[in-house]
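Colleague: I have a structure open and would like to go through its helices and its core. Could you take me through them slowly?

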Amino acid sequence: MSEPAIAGEREEVGPARISYVIARLERAIRTAINERVREHGLTTLQYTTLSVLGRRGGLSNAQLARRSYMTPQSMSEVIEALEDKGLIQRTRHPNHRRVMPAQLTPKGMKVLEACDAAVDDMESEMLRDLSEAERVALYQGLVSSVRALHAGLPDRGL
């Protein structure tokens with residue numbers, strides 16, 4: 001079903017820009033992830049933080065903020081919420097008094113595992129019409145695009 005035309009509005013011409021399509025997809029993914037992790041008591045930002053810690057624990061608040069695309073202030077709130085839920089723990093760094101790296105707790109690992117399974121299902125649904133070769137090509141194209149804009153993803157092999 002199409003949206004009704006508004007007086008003075010131009011008809012869309014041609015396909016949408018790829019950056020627009022990616023932005024729409026990003027919003028849809030955030031919404032879908034939020035729906036799936038909510039049942040585990042998390043927000044998308046909290047899940048992202050657990051996911052980052054699951055891939056590489058022992059990160060400071062500043063490192064977590066950079067890897068999760070959050071401000072340090074927002075990360076402090078996320079860390080506090082995750083600690084209160086018993087999903088992460090922080091200990092003082094032996095060489096830096098003010099740095100307190102975070103690690104997943106056993107409970108945090110279980111919650112992350114359940115959320116990852118829910119997100120796996122969402123990604124399968126999202127990609128269901130693509131062949132395996134198309135999925136690989138999409139992944140490689142997205143990684144290449146991220147790197148071309150110097151937005152992360154160091155080369156560690158695909």
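**Helix lengths, packing and core**

Modeller: This is a predicted model, and a helix length is a good place to begin. Helix H6, residues 132-148, has 17 residues, which at 1.5 Å a residue should span 24 Å, and because its end C-alpha atoms are 24 Å apart, the expected and the computed spans agree.

Colleague: What phi does His-150 take, just after H6?

Modeller: His-150 takes a positive phi, with a value of about 55°.

Colleague: Changing topic, at what angle do H2 and H4 pack?

Modeller: Helix H2 (residues 44-55) and helix H4 (residues 72-84) pack at an angle of about 80°, and their axes are 10 Å apart. Angles of 65 to 115 degrees count as roughly perpendicular, so H2 and H4 are roughly perpendicular to each other.

Colleague: And which residues make that contact?

Modeller: From H2 they are Leu-45, Gln-46, Thr-49 and Leu-50, while H4 brings Met-75, Val-78, Ile-79, Ala-81 and Leu-82. Seven of the residues in this contact are nonpolar and two are polar, with no charged ones.

Colleague: How many residues does the largest nonpolar core have?

Modeller: That core has 25 residues, and those with the most contacts inside it are Leu-42, Tyr-47, Leu-50, Leu-64 and Ile-88. Two or more residues each come from helix H1 (18-38), H2, helix H3 (61-68), H4, strand E2 (102-104) and helix H5 (106-126), and H5 gives the largest share, five residues.

Colleague: What does Tyr-47 touch, then?

Modeller: Leaving aside residues up to four places away in sequence, Tyr-47 touches Ile-33, Val-37, Leu-42, Leu-112, Cys-115, Asp-116 and Val-119.

Technical notes
Residues are numbered from 1 along each chain as its sequence is written. This is a predicted model: local features need pLDDT of at least 70, side-chain atom pairs count only at pLDDT 80 or more; totals for chains, interfaces and linings use all residues. Side-chain values use heavy atoms; hydrogens and water are left out. Axes are lines fitted to C-alpha atoms, for helices over the stretch in contact, and angles run from 0 to 180 degrees between N-to-C directions. Helices (H or I, at least four residues) and strands (E, at least two) are DSSP runs, numbered from the N terminus. Angles under 35 degrees count as roughly parallel, over 145 as roughly antiparallel, 65 to 115 as roughly perpendicular and the rest as oblique. Contact means heavy atoms within 4.5 Å. Ala, Val, Leu, Ile, Met, Phe, Trp, Tyr, Cys and Pro count as nonpolar, Asp, Glu, Lys and Arg as charged, and the others, Gly among them, as polar. A nonpolar core is a set of buried Ala, Val, Leu, Ile, Met, Phe, Trp, Tyr and Cys residues joined through side-chain atoms within 4.5 Å. Buried means under 20% relative accessible area, exposed over 50%, partly exposed in between (1.4 Å probe, protein chains only). The expected span of a helix is 1.5 Å times one less than its number of residues.
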